[in-house]
Amino acid sequence: MVKKTLIAALILALLMPSMVWAAEFTAIVNRNQVAVGESFTLKLELSGASAKSKPAVSGLKKYFDVTSRGQSSNTVIINGDVSSSTSWTYTLTPKKEGEMTILPVSIETSDGKVSS
């Protein structure tokens, strides 16, 4: 009985790092409302995996003008534990008035395709 419990605990301990480091792709806007002619920022952040491509943002161009874009990377090492993330920032200006929803954006990563 103790052997089976110990084996199960070891298997769980081996699986935990992969669960903790699963790819996460998030989207954040700096404003929820903008007036006509104003712009806002959309930040896409990938952590837990490395990007194999740029985010697929072509769907944004239907409703927004992309006036600028940028990319940054961040790596943190604490007591030998390494975590890294990559961020893409887009400045968007709506093409028309009204309520619009930003659809999910996807990206190819070392863990496969993920969406925001």
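**Over how many bridges do strands S3 and S4 pair, and is the sense parallel or antiparallel?** In this predicted model, S3 (residues 64–78) and S4 (residues 81–94) pair over 14 bridges, in the antiparallel sense. For a spot to zoom in on, take Arg69, whose bridge partner in S4 is Tyr90.

**The turn between S3 and S4, with Asn79 in view.** Two residues sit between the strands of this hairpin. Asn79 is the one to look at here, as its phi is positive, near 50°.

**Strand S2 with its neighbours S1 and S4.** S1 (residues 24–29) runs antiparallel to S2 and is joined to it by six bridges. Ile28 stands opposite Lys43 of S2 in this pairing. S2 is also joined to S4, again antiparallel, by eight bridges. Here Leu44 has Trp88 of S4 as its bridge partner.

**The two faces of S2, residues 40–47.** Side chains in a regular strand alternate between the two faces of the sheet. On S2, the covered face carries Phe40, Leu42, Leu44 and Leu46. Flip over to the uncovered face and you meet Thr41, Lys43, Glu45 and Ser47. So Leu44, the partner of Trp88, belongs to the covered face, while Lys43, opposite Ile28, belongs to the uncovered one.

**A look into the largest pocket, about 440 Å³ in volume.** Of its 18 lining residues, Asn32, Val34, Pro94, Gly98 and Met100 come closest to the centre. The lining is a mixed bag: nine residues are nonpolar, five charged and four polar.

Conventions
Residues numbered from 1 in each chain as written. Predicted model: local features only at pLDDT ≥ 70, side-chain atom pairs only at ≥ 80, totals over all residues. Heavy atoms only, no water. 1 Å grid on protein atoms, 1.4 Å probe; cavity = no way out; pocket = protein on both sides within 12 Å on 5 of 7 lines; lining within 4 Å. Points joined across faces, edges and corners; volume = space filled by probe spheres on them. Nonpolar A, V, L, I, M, F, W, Y, C, P; charged D, E, K, R; others polar. Buried < 20%, exposed > 50% of the residue type's maximum accessible area, 1.4 Å probe, protein only. Helix = DSSP H or I, 4+ residues; strand = E, 2+ residues; numbered from the N terminus. Pairing = 2+ DSSP bridges.
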